[in-house]
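Please open the structure in a viewer and keep the sequence panel at hand. The tour below proceeds by selection, one stop at a time.

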Amino acid sequence: VRCQHYPPLRALQASAALRRVSDEHKKEPFTSSSQQQFDPHPAGHQPEQEPQGPHPSYTGQGGQESEDYESEEQLQRRILTAALEFVPEHGWTAEAIAEGAKTLGLSVAAAGMFHSDGSDLILHFVSECNAKLSELLEKEQKLVQLGEAEKKPTDEFLRDAVEARLRMLIPYIEKWPQALSVLLLPRNIPSSLSLLTSLIDDIWHYAGDQSTDFNWYTRRAVLTGIYNTTELVMLQDSSPDFEDTWRFLENRVADAMNMSNTASQVQSTGEAVVQGLMGAAVTVSNVETLRPEL
Amino acid sequence: VYQVFESVAKKYDVMNDSMTLGIHRVWKDFLVHKMNPCPGTLLLDVAGGTGDIAFRFINYVRSVRERQLQRKLKQHQNLSWQEIFENYQEDKCNSLGDSQVVVCDINREMLKVGKQKAQHLGYSEGLSWVLGNAEELPFDDDKFDVYTIAFGIRNVTRIDLALQEAYRVLKPGGRFLCLEFSHVSNPLLSRLYDLYSFQVIPVLGEVIAGDWRSYQYLVESIRQFPPQEELKAMIEDAGFFKVDYENLNFGIVAIHSGFKL
């Protein structure tokens with residue numbers, strides 16, 4: 001019973017902030033007939049909705065996943081993206097999210113949808129950066145496949161990928177230590193760790209890593225170590241255009257390449273990773289003590 | 001309902017403290033903390049008679065604003081003394097950052113007590129007191145950032161109307177927060193709670209406020225109130241999104257939250 005009267009009630013109330021996804025479907029999606037005969041709209045439509053039945057993909061909230069309105073998740077992502085521009089001023093906080101919501105014409109109370117420590121904003125930013133990097137690497141790969149570019153040697157490829165990814169932090173570099181400390185909170189570690197591993201996997205995938213043996217783990221560990229340590233160096237780098245950081249990166253990648261040629265590969269990799277983590281822990285704890293001033 | 005609160009108004013705060021053994025303060029603090037308002041928020045507190053939520057909101061916003069100003073000043077490292085002085089002056093007149101609370105209650109007596117309390121505690125700016133019915137609010141559409149109703153919604157005859165009004169007066173993106181007694185699912189605790197409610201509370205009512213019947217009514221209205229999931233469904237029906245609830249003290253009290261999206 002509830003199923004049937006939900007759709008007209010929701011759509012006719014014309015959701016205050018969830019906007020229509022596609023402008024082509026100008027007509028009201030539900031013509032307030034009591035019989036809910038669901039007609040699949042022709043184009044620009046979510047493919048998973050079946051044509052039969054009164055209301056497919058019923059989500060328990062009565063149709064906010066319906067065709068012409070964006071979902072809550074999409075609205076949340078829009079708010080977070082708008083909030084990024086306020087991060088240099090307010091930091092990775094609920095205030096930045098509130099300002100972002102304001103620019104979209106929403107009340108500042110909308111920031112209450114997210115966790116108050118700003119972790120949602122940071123995780124959104126990280127996943128957006130990772131997506132951008134994937135796009136970049138995909139484009140480069142296409143060029144190589146079309147023969148318009150040379151395939152780079154592994155060390156150069158890794159260097160460029162890590163540099164490109166780290167450069168995305170530059171506009172937010174002042175507040176980034178704060179973000180890192182939030183990402184290291186126990187609550188956030190599962191999400192931040194999974195984003196990190198998928199980033200590393202991506203880079204190795206485009207680097208042409210075809211191995212399925214135990215090398216897979218060591219390569220991931222090595223690159224994770226390189227990425228993390230370079231990120232930390234970048235936070236404390238004051239050289240013009242971060243040249244010190246890129247030089248550090250170059251050296252680490254070279255070390256890694258050399259290491260892979262020795263027989264005691266696994267052991268030294270383990271040591272390197274442990275040293276990298278120790279260094280990271282020390283740096284983060286130093287940054288933590290600076291935190292009250294940020 | 002009106003008469004219950006007329007007689008209860010003056011002793012309201014004292015009764016709250018004794019009935020809940022003072023925990024109601026924690027519950028209300030938690031509500032404002034969950035709201036996490038930033039300066040510039042416009043709050044409507046319905047059935048907020050004696051102003052508990054309103055005062056907490058003002059305190060919270062004031063401290064957030066102070067921290068904001070401190071951070072701003074820290075950034076301005078090279079200002080001259082003159083400029084720092086001017087900064088302080090203009091911000092002193094804006095200690096609330098344009099935040100405002102409107103306290104709305106159906107009962108004049110409760111509002112009177114609230115106004116007296118405000119004067120006594122020294123709250124002057126950012127507060128308004130309005131007489132109104134939750135089922136038919138005397139405000140325009142899309143006005144408020146946050147709508148709260150703390151321990152008031154069970155006294156509304158048509159809850160769905162109150163929810164619809166809440167939806168109407170909130171801005172897009174605005175938040176609905178409801179703090180109310182709810183259902184305890186733990187059976188052992190539920191028995192203890194029943195014992196306490198039916199044996200102790202009316203007695204306290206008689207002793208402290210001289211009114212057994214009102215508090216008997218109170219306890220019964222708590223039992224009749226819809227449980228968490230049902231209230232969540234009603235809030236969704238009114239049009240709110242991302243509706244969720246949080247149990248405090250194993251369900252003795254629950255905070256429901258929804259957004260007008």
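Which residue counts as partly exposed at 42% relative accessibility? The residue to select is B:Arg158, which has that value and that class. The model under inspection is a predicted one, and this applies to every stop that follows.

**Stop 1: salt bridges of chain B**

Keep B:Arg158 selected and add B:Asp160. The two residues form a salt bridge, with 3.1 Å between the closest N and O atoms. B:Asp160 is partly exposed, its relative accessible area being 32%.

Next, select B:Arg168 and B:Asp141. Their salt bridge brings the closest N and O atoms to 2.7 Å. B:Arg168 belongs to helix α7 (residues 159–169) of chain B, whereas B:Asp141 sits in the loop between β3 (127–131) and β4 (144–150) of chain B, so the pair ties together parts that are 27 residues apart in sequence. B:Arg168 is partly exposed at 23% relative accessibility, and B:Asp141 is partly exposed at 47%.

Then move to B:Asp145 and B:Lys171, whose side chains meet in a salt bridge at 3.0 Å, N to O. B:Asp145 lies in strand β4 of chain B and B:Lys171 in strand β5 (residues 170–181) of chain B, so this pair ties together parts that are 26 residues apart in sequence. Is each partner buried or partly exposed? B:Asp145 counts as buried, with 2% relative accessibility, while B:Lys171 is partly exposed, with a relative accessible area of 28%. The two classes follow because buried means under 20% relative accessible area.

How many salt bridges does a search of the whole structure find? The search returns 22 over all chains.

**Stop 2: a surface patch on chain B**

Show the surface and select B:Leu21, B:Ile23 and B:Val26. These residues form a nonpolar patch there, with a combined accessible area of about 280 Å². B:Ile23 is part of helix α3 (residues 23–35) of chain B. With a relative accessible area of 32%, B:Ile23 is partly exposed.

**Stop 3: helix α10 of chain B and what follows**

Select residues 228–237 of chain B, which make up helix α10. Which residues of this helix are buried? They are B:Gln228, B:Leu231, B:Lys232, B:Ala233, B:Ile235 and B:Glu236. As a guide to viewing the helix, residues three or four places apart point the same way, because an α-helix has 3.6 residues a turn.

After α10(B) comes B:Gly239, with a positive phi near 115°. Proceed to B:Lys242, which has a positive phi of about 50° although it is not a glycine. For context, most residues other than glycine have a negative phi. B:Lys242 is located in strand β6 (residues 241–248) of chain B, and its relative accessibility of 27% makes it partly exposed.

**Stop 4: chain A as a whole**

Switch the selection to chain A. How many helices and strands does chain A have? There are eleven helices and zero strands. Chain A has 294 residues, of which 44% count as buried.

Select A:Phe242, a residue other than glycine with a positive phi, near 55°. A:Phe242 lies in the loop between α9 and α10 (243–259) of chain A and counts as buried at 11% relative accessibility.

Then select A:Glu140, A:Lys152 and A:Asp160 together. Salt bridges link these residues in a network.

**Stop 5: the second largest pocket**

The final stop is the second largest pocket, with a volume of about 670 Å³. Of its 29 lining residues, those closest to the centre are A:Leu184, A:Leu193, A:Leu196, A:Asn228 and A:Glu231; selecting these five will centre the view. The elements that give two or more residues to the lining are α5 (119–145), α7 (176–183), α8 (189–206), α9 (215–235) and α11 (265–290) of chain A.

Which element gives the most to the lining of this pocket? It is α9(A), with eight residues. Colour the lining by residue class to finish: 19 of its residues are nonpolar, eight are polar and two are charged.

Technical notes:
Residues numbered from 1 in each chain as written. Chains lettered and ligands numbered in written order. Predicted model: local features only at pLDDT ≥ 70, side-chain atom pairs only at ≥ 80, totals over all residues. Heavy atoms only, no water. Patch = residues over 30% accessible without salt bridge, like charges linked within 9 Å, V, L, I, M, F, W, Y side chains within 5 Å. Areas by Shrake-Rupley, 256 points an atom, 1.4 Å probe, with all protein chains shown as cover. Salt bridge = Lys/Arg side-chain N within 4 Å of Asp/Glu carboxyl O. Helix = DSSP H or I, 4+ residues; strand = E, 2+ residues; numbered from the N terminus. Buried < 20%, exposed > 50% of the residue type's maximum accessible area, 1.4 Å probe, protein only. 1 Å grid on protein atoms, 1.4 Å probe; cavity = no way out; pocket = protein on both sides within 12 Å on 5 of 7 lines; lining within 4 Å. Points joined across faces, edges and corners; volume = space filled by probe spheres on them. Nonpolar A, V, L, I, M, F, W, Y, C, P; charged D, E, K, R; others polar.
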